[in-house]
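Thank you all for coming, and please keep the sequence and the structure in view while I talk. I will go slowly, and I will name each element again whenever the subject changes.

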Amino acid sequence: MSTPNVWNFGPGPAKIPTSVLKRAQDELLNYNNTGMSVMELSHRSKEYESLNNKAQRDLRTLLNIPNNYKILFMQGGGHTQFSAIVYNLLSAKRHQLGEDLKEEFNPPLDYLITGSWSSKAAEEAKKLYNNVNIVFDVKKLKGSYGSIPPKEEWKLSGSKAAYVYYCDNETVNGVEFNHIPEIDPSVPLVCDMSSNILSRRFDVSKFGIIYAGAQKNIGAAGLTVVIVREDLLIRSNNKNSDIPAIPSMLDYKIMADHNSLYNTPPMFSIYISSLVFEWLLELGGIEAIEKTNSTKAERLYEVINNSKIYKSPVEKSVRSRMNVPFRIEQEGLESEFLKGSIELGMLQLKGHRSVGGIRASIYNAMTLEGVDFLIEYMKAFERKHCQ
């Protein structure tokens, strides 16, 4: 049976490079001449340890990660990191202030709310801690997500904060920061890069913690990559009754000390990610894929900007290069557009259920050919309805 010709514009789990899938297929029954699938190996074996270490080295090369950062391969996705961040960085802040702290320990946790995912992160933090400071919430300011306010309107806590948290690219809303936020240098900057990591160059040293669920722009679901600066790896101290003990499976220090092998890791997801890292290196690294990503986004936004029927809900300066939402204002046409796209093999273009509309996710694995195919359909659809 031949493989159907489809274009997967899904937001996550998302498209994986075809060459990566074919290699995984070839190696599925016999990984590295072991006679076993990678899913059957012991995670304590030399073969898996080698894979684990190579994946870390390749990711460090791709992102130019400094030596004073640890790479962790964890589980549970972004939702689990919402809690892990609170536990680990409260512990780090308490350590920073010293054991002889006289005043009550209650540092604010600063959150920048630009869309659905940063909002969820802040809500989870509020369940665990009583001093969450909303630096800004775009939806409360503007009525909907689609912009980022100027720095003058931010209400940061300064050096008192345990950390500042933001989501670099809001997958649902199509909002992407075009800069790294400037904050007090003594405060760790925490970033959810789940949907745009590996898509462009950036300075890792500006961050305390970066995390990314793998299922969007890295590989298969099940893995969460965490990049953490070593000075923030603090052993949970149960003697300090003013901070909660860190659950072992959320403890970055434990994970780092065990090279992400504290328990059985998501081995197949790590394997797929390692193949994606190799694929990116062969392409020429982040610099090369960044150029391709810029071209894809520019072409797609040009059609939207020049259209009489397509409208973007996001301000031009912060439009995502990875997730491109748009609307068709005329009633009924969105359903017709989506039905026609499926008939042509373009899948998962329907917008998130919370916002509706249409959304094209054009991650690293989506080719220029796929984007051009979508663009031609958009143009033909507009001609049909603008006669």
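I will take the two sheets, then a pair of helices, and then the salt bridges.

Before anything else, please keep in mind that what we are looking at is a predicted model.

Let me begin with the sheet of seven strands, which is open and has the order 2-10-9-8-5-3-4, with mixed pairing. At its edges stand strand 2, residues 69-74, and strand 4, residues 132-137; each has a single partner strand, so one side of each is left without a neighbour in the sheet. Going from one strand to the next, the twist averages 15 degrees.

If we start at the edge formed by strand 2, we find that this strand runs antiparallel to strand 10, residues 224-229, and that six bridges join the two. To locate this pairing on your screens, look for Lys 70, which stands opposite Val 228 in strand 10.

From strand 10 we can step to strand 9, since these two strands pair in the antiparallel sense over five bridges, and here Ile 210 has Ile 227 of strand 10 as its bridge partner. On to strand 8, where the sense of pairing is parallel: strand 8 and strand 9 are joined over three bridges, with Asp 192 opposite Tyr 211 in strand 9.

Is strand 9 enclosed by the rest of the structure or not, and why? Five of the five residues of strand 9 are buried, so this strand is largely enclosed by the rest of the structure. Both of its faces are covered, with Ile 209, Tyr 211 and Gly 213 buried on one side, and Ile 210 and Ala 212 buried on the other.

Two helices that lie across this sheet deserve a look as well. Helix 3, residues 77-97, lies across strand 2, strand 3, strand 5, strand 8, strand 9 and strand 10, and it runs at about 160 degrees to strand 9. Helix 2, in turn, lies across strand 2 and strand 10, running at about 125 degrees to strand 2.

Now please turn to the sheet of three strands, which is open too, with the order 11-12-14 and antiparallel pairing. Strand 11, residues 310-311, and strand 14, residues 358-361, are at the edges with a single partner strand each, so one side of each has no neighbour in the sheet. Strand 12, residues 323-328, is joined to strand 14 by four bridges, and Asn 323 stands opposite Ser 361 in strand 14.

Helix 9 packs on this sheet, where it touches strand 11, strand 12 and strand 14, and its direction makes about 15 degrees with that of strand 12. Helix 10, residues 333-343, lies across strand 11, strand 12 and strand 14, but runs at about 130 degrees to strand 12.

Helix 9 also has a helix as a partner. Helix 9, residues 285-305, packs with helix 11, residues 368-385, at an angle of about 0 degrees, and their axes are 10 Å apart. Helix 9 and helix 11 are therefore roughly parallel to each other. Among the residues that meet here are Thr 292, Leu 300 and Ile 304 in helix 9, and Leu 368, Ile 375 and Met 378 in helix 11. By class, this contact of helix 9 with helix 11 has eight nonpolar, two polar and four charged residues.

My last topic is charge. Side chains of opposite charge can pair when their charged atoms come close. How many salt bridges does a search of the whole structure find? The search finds 17, and I have picked out three of them.

In helix 2, residues 46-63, Asp 58 and Lys 54 are four residues apart, which means a separation of about one helical turn. They form a salt bridge, with their closest N and O atoms 2.6 Å apart. Asp 58 is buried, at a relative accessible area of 11%, whereas Lys 54, at 31%, counts as partly exposed.

Glu 176 and Arg 200 form a salt bridge at 3.8 Å, N to O. This pair links distant parts of the chain, 24 residues apart, with Glu 176 in strand 7 and Arg 200 in the loop between strand 8 and strand 9. Both Glu 176 and Arg 200 are buried.

Finally, the side chains of Lys 339 and Glu 343 meet in a salt bridge of 2.8 Å, N to O. Lys 339 is exposed, with a relative accessible area of 54%, and Glu 343 counts as exposed at 58%.

Key: Residues numbered from 1 in each chain as written. Predicted model: local features only at pLDDT ≥ 70, side-chain atom pairs only at ≥ 80, totals over all residues. Heavy atoms only, no water. Axes fitted to C-alpha atoms, helices over the stretch in contact; angles between N-to-C directions. Parallel < 35°, antiparallel > 145°, perpendicular 65-115°, else oblique. Contact = heavy atoms within 4.5 Å. Nonpolar A, V, L, I, M, F, W, Y, C, P; charged D, E, K, R; others polar. Pairing = 2+ DSSP bridges. Salt bridge = Lys/Arg side-chain N within 4 Å of Asp/Glu carboxyl O. Buried < 20%, exposed > 50% of the residue type's maximum accessible area, 1.4 Å probe, protein only.
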